[in-house]
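Me: I would like to go through some features of this model one at a time. Please keep the reasoning short.

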Amino acid sequence: MRTTVTSLEGSRQNLFIAGRATEPQSGNYLKSYDPATGEAWYEFADAGAQDVDAAVAAARQAFADPAWRRMTQTDRGKLVRRLAELMLEHADQLAEIETRDNGKLIKEMRAQMRALPDSYTYFAGMADKLQGETIPVNKLDMINFTLREPIGVVGMITPWNSPLMLLTGTLAPCLAIGNTVVIKPSEHATASTLALMELITAAGFPPGVVNVVTGSGRTAGDALARHPGLAKIVFTGSTQTGRTIARNAADNLIPCQMELGGKSPHVVFGDVDIERTVNGVVAGVFAAAGQTCVAGSRCFVEAGIYDRFVEALVERTRKITLGHPMLETSDIGPLALLDQVSKVESYVASGLREGASVAAGGRRPQREDLAKGWYYEPTVLTGARNDMGFMRDELFGPVVGVMPFSSEDEMIALANDTRYGLASGIWTRDIDRAMRFATKVDAGTVWINTYRSAAFMSSMGGFKESGYGRRGGFDVMREFSRVKNVVLDYSGAMQDPFVIRLK
Ligand code: TXE
């Protein structure tokens, strides 16, 4: 792979349409910023509606082209497996690009990029295992069966927090099934998706099977979401934008898959090992500086251990090392956008006005070496209530609100008192209690005595305003394929159509 941080530095990157780097019709480019320094580091094409048209046309053409359409499922699987091999070979390179572009820790990105190829391999193996079924109907001399087919062009609008990882759960199955794709990465982190296209080409995917249109959400994203040439839209981002996209998709009567973040409850009972649980809560909310959709940002602690737990949580939080994302010693890097820092600051400030208190963090770090970057200290807010802004809305930053509960019923009511429903966690040694929580909580994922432990073999997805549709696991193969029912009469005699036989 020729693309590296050094080759991107100061460069101007074009769109990727029909296998070729393509200049945007407008000739306009946008700047991409390094969150660790706040400085622009490369430019990417600002696609407009015409460019999106061209990308969708290329994807439609590739979908119909026998080079892709008539490829056997086994051969498609081999291509996806080849892509996985190439990704593994270039994992560290992709990690450096991701870190430079969105500020995620290099050590986390290396681990993520080395793990992602396994997910592609998993779906590669499914390429020739997606089967239809034979249905025993109440008619003689007839076979009734289903075919599983690719659906067409899938539009994927992705966010900045983990662009390649969040793409994987849908791109890998789409390719294994035989769909074609147009990706609109977030304008805040485009580099890794563009770099991946080099590997798509090297793996041998026919031109047009995967296309990338970079640009702003309001122009490129909007044009893609409204495009009548799509069969489905996958979106990861804010609930507000998700609503707009779903409305636009409805005009074309196409389905969406929506992953819209959350405000996940993380529950701690009095019977736990405090140190282990504090580590779980800290990892659950502060990992990736809180920029994960599943962040356990509302922490409910049984009243009996509340004071001890908060003390331990604060102590652990204060030990977290903020630092440059390229340093192995850093536990937390910068936030990906300056706007995110302002958003977190304003929610913490309003939280204090609403009656919460800062027990740790609560400000930008006062360190010279971090002054230019978009950093925010990991923050514990006590005296939290579900009606406070920072407990209601997704902050996507390193902030956890903590509050006590007295009974299991109260805890369930507090946990479910949110418009989101993506993830949840509970720490207890009482398995009956844990199972009661698992059945009553309104969240698409429940973690018991662990948090943020995800696997591509199992699916993820949200309820309520966290969206709909599942990613990962075998079910996703069904979400991106369609069923066709075929009825075959081998009796050799067509009955008189106007004779109706009553039983
Ligand atoms: O999201 P947007 P932003 C949440 C998180 C964050 C907030 C805002 O709370 O603070 O969203 O982040 C494209 N038509 N999450 O502003 O606007 C846009 O270009 C079509 C949760 O980045 O939702 C980008 O590619 N597309 C989260 C993508 O949508 C449009 C991950 C997401 O942008 C568009 C990220 C439009 N009208 C943010 N407007 C998660 N669930 O993991 C924007 N876009």
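Reply: What covers the buried residues of α6 can be taken as the starting point; this is a predicted model. The cover includes α4 (73-89), α5 (91-102), α7 (163-177), α8 (191-203) and α17 (475-479).

Me: Which residues of α6 are buried?
Reply: A residue counts as buried when its relative accessible area is under 20%. In α6 that applies to Ile 106, Met 109, Gln 112, Met 113, Leu 116, Pro 117, Ser 119, Tyr 120, Phe 123, Ala 124, Gly 125 and Met 126.

Me: How far apart are the end C-alpha atoms of helix α6?
Reply: Helix α6 runs over residues 106-126, which is 21 residues. At 1.5 Å a residue the expected span is 30 Å. The distance between the end C-alpha atoms agrees with this, at 31 Å.

Me: Is Tyr 490 buried or exposed?
Reply: Tyr 490 lies in the segment after β23 (481-489). It belongs to a nonpolar surface patch with Ile 143 and Leu 488, and together they have about 280 Å² of accessible area. The cut-off for exposed is over 50%. Because its relative accessibility is 52%, Tyr 490 counts as exposed.

Me: Which strands stand at the edges of the open sheet β1-β5-β4?
Reply: The sheet has three strands in that order, with mixed pairing. An edge strand here has a single partner, so one side is left without a neighbour in the sheet. The edge strands are β1 (12-13) and β4 (29-34).

Me: What is the bridge partner of Lys 31 in β5?
Reply: β4 pairs with strand β5 (residues 39-45) in the antiparallel sense, over six bridges. In β5, the partner of Lys 31 is Glu 43.

Key:
Residues numbered from 1 in each chain as written. Predicted model: local features only at pLDDT ≥ 70, side-chain atom pairs only at ≥ 80, totals over all residues. Heavy atoms only, no water. Helix = DSSP H or I, 4+ residues; strand = E, 2+ residues; numbered from the N terminus. Expected span 1.5 Å × (residues − 1). Buried < 20%, exposed > 50% of the residue type's maximum accessible area, 1.4 Å probe, protein only. Contact = heavy atoms within 4.5 Å. Patch = residues over 30% accessible without salt bridge, like charges linked within 9 Å, V, L, I, M, F, W, Y side chains within 5 Å. Areas by Shrake-Rupley, 256 points an atom, 1.4 Å probe, with all protein chains shown as cover. Salt bridge = Lys/Arg side-chain N within 4 Å of Asp/Glu carboxyl O. Pairing = 2+ DSSP bridges.
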